[in-house]
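User: Hey, I've just opened this one and I'm new to it. Can you walk me through what's here?

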Amino acid sequence: MLLFVNFELLLRNWSVTREFRAFTREFWAFTREFWAFTREFWAFTREFWAFTREF
C-alpha cells in the first residue's frame, strides 16, 4: 500500500516536473525572441535618429 502511494506521488511529481520543464522551455524561447526583437528595435531606433539628424 505504501509502495503504491509512493509510486503515485512519484508519478504526480514527474508530471509536474515535465510540465514545469515544458513551461521553462517555452518561457526561454519567448525570452530569446523578445530580446532579439528588442535588440533589433533599438538598432533601428538608433539608425533612424542618426538618419533624422542629417537633415
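Analyst: Sure. Let's start with phenylalanine 27, which sits in helix H1, the helix covering residues 2-52. Keep in mind that this is a predicted model.

User: Is phenylalanine 27 buried, exposed or partly exposed?

Analyst: Phenylalanine 27 is partly exposed, because its relative accessible area is 38%, which falls between the under 20% for buried and the over 50% for exposed.

User: What surface patch does Phe27 belong to?

Analyst: A nonpolar one, formed by Phe20, Phe23, Phe27 and Trp28. Together they have about 490 Å² of accessible area.

User: And which residues do ring pairs link into a cluster?

Analyst: Phe23, Phe27 and Trp28 are linked that way.

User: Let's zoom out. How many helices and strands does the chain have?

Analyst: There is 1 helix, and there are 0 strands. The chain is more spread out than a compact globule, because its radius of gyration is 24 Å, well over the 10 Å that the globule rule gives for 55 residues.

User: What size of box do the C-alpha atoms fill?

Analyst: Roughly 80 × 10 × 5 Å, taken along the principal axes.

User: How much of the chain counts as buried?

Analyst: Just 5% of the 55 residues. The accessible surface of the chain is about 5,800 Å², and carbon and sulfur atoms account for 71% of that.

User: Back to the rings. How many aromatic pairs are there?

Analyst: The count is 8 aromatic pairs, with ring centres within 6.5 Å as the rule. Phenylalanine 34 and tryptophan 35 make an edge-to-face pair, because their planes are at 65°, and the cut-off for that label is over 60 degrees. Their ring centres are 5.4 Å apart.

User: Are those two buried or exposed, or something in between?

Analyst: In between. Phenylalanine 34 is partly exposed at 40% relative accessible area, and tryptophan 35 is partly exposed at 46%. Then there's another pair, phenylalanine 37 and phenylalanine 41, which counts as stacked because the planes are at 25°. The centres of those rings are 6.2 Å apart.

User: Where do phenylalanine 37 and phenylalanine 41 sit relative to each other in the helix?

Analyst: They are separated by about one helical turn, because they are 4 residues apart in helix H1.

User: How accessible is each of them?

Analyst: Phenylalanine 37 is at 52% relative accessibility, so it counts as exposed. Phenylalanine 41 is at 40%, so that one counts as partly exposed.

User: Which side chain has a polar atom 2.8 Å from the backbone oxygen of phenylalanine 41?

Analyst: That of threonine 45. Threonine 45 is also in helix H1.

User: Why does threonine 45 count as buried?

Analyst: Because its relative accessibility is 16%, and the cut-off for buried is under 20%.

User: How far is threonine 45 from asparagine 6 in space?

Analyst: They are 57 Å apart, C-alpha to C-alpha, and 39 residues apart in sequence.

User: One last residue: what about tryptophan 42, where is it?

Analyst: Tryptophan 42 is in helix H1 too. It counts as partly exposed, because its relative accessibility is 47%.

User: And how far is tryptophan 42 from alanine 22?

Analyst: Their C-alpha atoms are 30 Å apart in space, with the two residues 20 apart in sequence.

Notes: Residues are numbered from 1 along each chain as its sequence is written. This is a predicted model: local features need pLDDT of at least 70, side-chain atom pairs count only at pLDDT 80 or more; totals for chains, interfaces and linings use all residues. Side-chain values use heavy atoms; hydrogens and water are left out. Patches are made of residues with over 30% relative accessible area and no salt bridge: like charges are joined within 9 Å, nonpolar side chains (Val, Leu, Ile, Met, Phe, Trp, Tyr) within 5 Å. Accessible areas come from the Shrake-Rupley method with a 1.4 Å probe; for residues, only the protein chains shown count as cover. A salt bridge is a side-chain nitrogen of Lys or Arg within 4 Å of a carboxyl oxygen of Asp or Glu. Helices (H or I, at least four residues) and strands (E, at least two) are DSSP runs, numbered from the N terminus. Buried means under 20% relative accessible area, exposed over 50%, partly exposed in between (1.4 Å probe, protein chains only). A polar contact is a pair of N or O atoms within 3.5 Å; within protein, one must be able to donate a hydrogen and the other to accept it, and residues adjacent in sequence count only if both atoms are side-chain atoms. The radius of gyration is taken over C-alpha atoms; the globule rule is 2.2 Å times the number of residues to the power 0.38. Rings of Phe, Tyr and Trp (its six-membered ring) pair if their centres lie within 6.5 Å; planes under 30 degrees apart count as stacked, over 60 as edge-to-face and the rest as tilted.
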